[in-house]
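Please open the model in your viewer and keep the selection panel at hand. The tour goes from the whole chain to one helix and its neighbours.

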Amino acid sequence: MKAVSVVTIRKELKYKSKEELAELCLRLSRFKKENKELLTYLLFEADSEDGYIETVKSEIDEQFELINTSSYFYIKKSARKILRTIRKYIRYSLNKETEVVLLLYYCEKLKAMQPSIFRNTTLTNLFDRNVDAITKKIEKLHEDLQYDYTIILEALKD
């Protein structure tokens with residue numbers, strides 16, 4: 001079966017009643033964990049972006065505590081997994097400021113890790129790529145926010 005375009009789906013959804021739309025959303029939430037997570041964000045957390053950021057930060061903290069630091073191999077795998085999770089949460093939000101905040105937090109946690117990530121080329125490159133990405137994303141924000149986040153980013157680079 002071939003999926004139809006978003007435009008076609010949007011047109012078709014206009015003809016559905018509220019009850020039918022609710023049923024479609026519930027049915028959609030049964031199939032993938034990501035669908036359920038997105039619906040949770042849209043229904044419960046989209047109104048309070050600060051609360052959402054704090055929730056994600058606490059999950060990041062938990063994941064960093066679970067990292068096996070006995071080998072850089074395990075640190076790399078875990079760091080990439082955490083970054084994938086963060087990017088998934090960023091996709092739910094679609095807010096550029098949230099994206100910058102979460103990526104800055106990730107880089108801060110990565111930099112503070114013991115053993116130091118700067119003894120490993122792959123982890124250093126991962127850190128540097130994220131710092132570069134944050135720099136590009138900061139440029140798209142409002143001027144006041146750019147200034148605030150640039151200060152944080154410069155402190156992170158030192």
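How far apart are the mean positions of the positive and negative charges of the protein chain? They are 10 Å apart, taken over 29 positive and 26 negative charges, where Lys and Arg count as positive, Asp and Glu as negative, and His and the chain ends are not counted; each charge is placed at NZ of Lys, CZ of Arg, CG of Asp or CD of Glu.

This is a predicted model, in which local features need pLDDT of at least 70 and side-chain atom pairs count only at pLDDT 80 or more, while totals for chains, interfaces and linings use all residues. Residues are numbered from 1 along each chain as its sequence is written, and side-chain values use heavy atoms, with hydrogens and water left out.

Next, show the whole protein chain as a cartoon: eight helices and zero strands appear, helices being DSSP runs of H or I with at least four residues and strands runs of E with at least two, numbered from the N terminus. The C-alpha atoms fill a box of roughly 60 × 40 × 30 Å along the principal axes. Of the 158 residues, 32% are buried, that is, under 20% relative accessible area with a 1.4 Å probe, protein chains only.

Now select residues 96-111, helix H6, whose 16 residues reach 22 Å from first C-alpha to last. Its buried residues include Thr98, Glu99, Tyr105, Tyr106 and Cys107. Finally, add helix H4 (49-65), helix H5 (72-93), helix H7 (121-138) and helix H8 (143-157), against which the buried residues of H6 pack, with contact meaning heavy atoms within 4.5 Å.

Conventions
Buried means under 20% relative accessible area, exposed over 50%, partly exposed in between (1.4 Å probe, protein chains only). The expected span of a helix is 1.5 Å times one less than its number of residues.
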